[in-house]
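Please open the structure below in your viewer and keep the sequence beside it. The tour goes from the whole chain to single residues.

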Amino acid sequence: MELGELLEIRPGVTALIGGGGKTTAMYTLACELAAKGTVICTTTTHILPPEHLPLRNDSDERELASALSVQRCICMGTSSEHGKLTAPTLPMETLAKLADYVLVEADGSRRLPIKAHLPHEPVIPANVGQTVILVGASGIGRSVRETVHRWEQFCRFTGALPEDPVTAENLSRLLTAEDIDGKIFINQAETPEALTAARRLAELLPRPVYAGSLKGGTWTCLS
């Protein structure tokens, strides 16, 4: 089963937030969805330009529509500092009219597997149709301080100390306290221990939870 089918990705805007695999998830979905329709990959924060997709920042809707009819899947963004891309010139509402699927990396995690959010985060577009929250299983069992972006927020939400290990229990407290609507995908679940922790997290949360390895191309539904 493809990842998009598993997550039931629908046409429209899909936001990817959290840590531990947002970019990989976005491009995995983009490759799949391009067989069904046109796809724009973009961001509301910052991403590195992809090497495998055409990069555009059209302000002319007709030019963008023409490009999509030929290339099917493109990345859109505005050049920013450190060689990264930030939000494109055209608004998300316009992109959603021009492409069948718009995949938006809407969060930053500094390459850490777990993300706790400040009040102004994540930067989810107003017209989002669905949100996927990424959690990196590589962070489970390691200390909060070393594995969580915004670890101070994690401690505030969960009552954990900075040197405490991340567990399914305190992760569930974080996700419940933040109350961000969305499906949860636990990435990097490549060992029996990681899958056990993922299943425990699924038991603690009243929402859809999935797990697998984006790089390995394997995934499953846990709840």
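What follows is a series of selections, each with a short account of what is there.

**The whole chain**

Start with everything selected; note that this is a predicted model. Colour by secondary structure to find eight helices and 13 strands in the protein chain. The radius of gyration is 17 Å, close to the 17 Å that the globule rule gives for 223 residues, so the chain is as compact as a globular protein of that length. Along the principal axes, the C-alpha atoms fill a box of roughly 55 × 35 × 30 Å.

Switch to a surface view. The protein chain exposes about 10200 Å², and carbon and sulfur atoms supply 51% of this area. Of the 223 residues, 52% are buried. Now colour the charged side chains: 21 are positive and 26 are negative, and the centres of the two sets lie 1 Å apart.

How much of the contact total comes from residues 24 or more positions apart? Such pairs account for 69% of the contacts with a separation of 6 or more.

**The nonpolar cores**

Hide the surface and select Ile40, Leu64, Leu95, Phe154, Leu171, Ile184 and Ile186. These residues have the most contacts inside the largest nonpolar core, which has 41 residues. Another core, of 27 residues, lies apart from that one, and Leu16, Leu103, Leu134 and Phe185 are among its members. In soluble globular proteins, nonpolar side chains tend to be buried together.

Centre the view on leucine 171. Leaving aside neighbours within four places in sequence, leucine 171 is in contact with Ile114, Val135, Ile140, Phe154, Val166 and Leu201.

**Helix H6**

Phe154 leads to the next stop. Select residues 151-158, which form helix H6. Which residues of H6 are buried? They are Gln153, Phe154, Cys155 and Thr158. The buried residues pack against strand S8 (114-115), helix H5 (144-147), strand S10 (148-149) and helix H7 (168-178). Just after H6 comes glycine 159, with a positive phi near 85°.

**Isoleucine 74 and glutamate 63**

Select isoleucine 74 in strand S4, residues 73-76. Is this residue buried or exposed? Isoleucine 74 counts as buried because its relative accessibility is 0%, under the 20% cut-off. With residues up to four places away in sequence left out, isoleucine 74 touches Val39, Ile40, Cys41, Leu53, Pro54, Arg56, Leu64 and Leu68. Draw a distance from its C-alpha atom to that of histidine 52: the two residues are 22 apart along the chain, and the atoms are separated by 9.3 Å.

Next, pick glutamate 63 in helix H3, residues 61-71. Glutamate 63 counts as partly exposed, at 45% relative accessibility. Beyond its neighbours within four places in sequence, glutamate 63 is in contact with Arg56 and Asp58. A distance drawn from glutamate 63 to threonine 43 gives 20 Å between C-alpha atoms, for residues 20 apart in sequence.

**Two buried polar residues**

Move to threonine 131 in strand S9, residues 130-136. Threonine 131 is buried, with a relative accessible area of 9%. Not counting residues up to four places away, threonine 131 touches Ala15, Ile17, Ile124, Asp181, Gly182 and Lys183.

Then select asparagine 187, which is found in strand S11, residues 183-187. At 7% relative accessibility, asparagine 187 also counts as buried. Its contacts outside the nearest four places in sequence include Gly20, Gly21, Leu134, Val135, Gly212 and Leu214.

**Backbone details**

Most residues other than glycine have a negative phi, and most peptide bonds are trans. The last selections depart from this.

Zoom in on the loop between strand S7 (101-105) and S8, where arginine 110 sits. Arginine 110 is not a glycine, yet its phi is positive, about 55°. Arginine 110 is exposed, with a relative accessible area of 70%. Arginine 111 is found in the loop between S7 and S8 as well. Its phi is near 65°, again a positive value, and at 76% relative accessibility arginine 111 counts as exposed.

Finish at the loop between S8 and S9, the place of proline 122. What kind of peptide bond joins glutamate 121 and proline 122? The bond is cis, with omega about -15°.

Terms used:
Residues numbered from 1 in each chain as written. Predicted model: local features only at pLDDT ≥ 70, side-chain atom pairs only at ≥ 80, totals over all residues. Heavy atoms only, no water. Helix = DSSP H or I, 4+ residues; strand = E, 2+ residues; numbered from the N terminus. Rg over C-alpha atoms; globule rule 2.2 N^0.38 Å. Buried < 20%, exposed > 50% of the residue type's maximum accessible area, 1.4 Å probe, protein only. Contact = heavy atoms within 4.5 Å. Areas by Shrake-Rupley, 256 points an atom, 1.4 Å probe, with all protein chains shown as cover. Lys, Arg positive; Asp, Glu negative; His and termini not counted. Charge placed at Lys NZ, Arg CZ, Asp CG, Glu CD. Core = buried A, V, L, I, M, F, W, Y, C linked by side-chain atoms within 4.5 Å.
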